[in-house]
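The report that follows describes selected features of a single protein chain, moving from its strands to its core and then to its pocket. Please read it alongside the sequence and the model.

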Amino acid sequence: MELLYTGKTKNVFKLEDGHYLLKFKDDVTGENGVFDPGANTVGLTIDGAGLAGLRLTSYFYSKLNEQGVPTHYVDANFNDATMTVKPATVFGKGLEVICRFKAVGSFLRRYGAYVQEGQDLDSFVEVTIKDDDRLDPPISEDALAMLNLLTHEEYAILKQRTIEISKFVAAELAKKGLTLYDIKLEFGRDAKTNEILLIDEISGGNMRAYKGEQYIEPLELEKIMLAK
């Protein structure tokens, strides 16, 4: 295998058959030792976080594939904490798409003069640029199009799929008595067909889930969701 990229929470390898292999790490995003799915730096290491993230990602992606939602997921190897995916190209240097159901995190920090913490939001979608030096700034649809990162038509697809996928995840969590506050997704273009695909992961490391007013940590979320 050829190591292509060393990321914050996983490493990416190229396989001989043209697929890619994602190796999940135990590093999670946050600041000063406190987990934060919206942070753009690794804040701490949690033993077992990588495998927990992979198991939950495999759970969600398998269901999405069954429903015909385009994703890059092929299969997973829990023994090695790896996931095989189809090749995809990112938009520019990478975008993150957030769907918000509650006013928390960076949304609350930015707009706190107008909203209360935990206030309901109607599947609010926003896009940010993956740029650590500039703290992953939000970007509008018009700016994305003007900078040739994606077209208005692609943005419409991106937004629609973000809402559909996020509502699906929220419904799955609700079956376990949990509430999804927000979730961060990533998309790319299929390297062969150019179709927009869901990529990266869906795990406790990129969402905020609560049981009542209690925040559920990533490892605990995996245990709750995958409990028989």
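## Strands, core and pocket

In strand β14 (residues 196–199), the side chains of I196 and L198 point one way while those of L197 and I199 point the other way, and all of them are buried. The model is a predicted one, and the description below should be read with that in mind.

Strand β14 is joined to β13 by 4 bridges in the antiparallel sense, and within this pairing F187 stands opposite L198 of β14. The two strands form a hairpin with 5 residues between them, and in its turn N194 has a positive phi of about 75°.

Strand β13 also pairs with β10, to which it runs antiparallel over 4 bridges, with I98 standing opposite K184 of β13. Strand β10 has a further antiparallel partner in strand β11 (residues 120–129), the pairing here extending over 7 bridges, and C99 stands opposite V125 of β11. How many residues of strand β10 (residues 95–102) are buried? The count is 8 of the 8, so strand β10 is largely enclosed by the rest of the structure.

The same C99 is among the contacts of S166, a residue of helix α4; leaving out residues up to four places away in sequence, S166 touches C99, F101, L180, I183 and L185. S166 counts as buried because its relative accessibility is 0%.

Helix α4 (residues 152–174) also gives the most residues, 7, to the largest nonpolar core. That core has 45 residues, of which V169, L173 and I202 touch the most other members. Neighbours within four places in sequence set aside, I202 is in contact with G53, L56, T57, F60, Y61, L64, I165, V169, I183, L185 and M207. Both I183 and L185 therefore appear in the contact list of I202 as well as in that of S166, given that contact means heavy atoms within 4.5 Å. As a general background to such a grouping, nonpolar side chains tend to be buried together in soluble globular proteins.

Two further residues call for attention because of their backbone geometry, and the general expectation is that most residues other than glycine have a negative phi. The table sets them side by side.

| Residue | Phi | Location | Relative accessible area |
|---|---|---|---|
| S123 | positive, about 45° | strand β11 | 9%, buried |
| D136 | positive, about 50° | loop between β11 and β12 (138–139) | 11%, buried |

Neither S123 nor D136 is a glycine.

Attention now turns to the open space in the model. The largest pocket has a volume of about 1100 Å³, and its lining is made up of 45 residues, of which Y5, K10, K130, E186 and D200 lie nearest its centre. Elements that give two or more residues to this lining include β1 (2–6), β2 (10–14), β3 (20–24), β4 (27–31), α1 (49–66) and β13 (179–190). The largest share, 4 residues, comes from α1. Which classes of residue make up the lining? It has 18 nonpolar, 12 polar and 15 charged residues.

Strand β13 thus links several parts of this account: it pairs with β14, it pairs with β10, and it gives two or more residues to the lining of the largest pocket.

Note on methods: Residues are numbered from 1 along each chain as its sequence is written. This is a predicted model: local features need pLDDT of at least 70, side-chain atom pairs count only at pLDDT 80 or more; totals for chains, interfaces and linings use all residues. Side-chain values use heavy atoms; hydrogens and water are left out. On a 1 Å grid over the protein atoms alone, a cavity is a set of points where a 1.4 Å probe fits but cannot get out, and a pocket is an open set with protein on both sides within 12 Å along at least five of seven lines; lining residues have an atom within 4 Å of a point. Grid points are joined across faces, edges and corners, and a volume is the space filled by probe spheres set on the points. Ala, Val, Leu, Ile, Met, Phe, Trp, Tyr, Cys and Pro count as nonpolar, Asp, Glu, Lys and Arg as charged, and the others, Gly among them, as polar. Buried means under 20% relative accessible area, exposed over 50%, partly exposed in between (1.4 Å probe, protein chains only). Two strands pair if DSSP finds at least two bridges between them. A nonpolar core is a set of buried Ala, Val, Leu, Ile, Met, Phe, Trp, Tyr and Cys residues joined through side-chain atoms within 4.5 Å.
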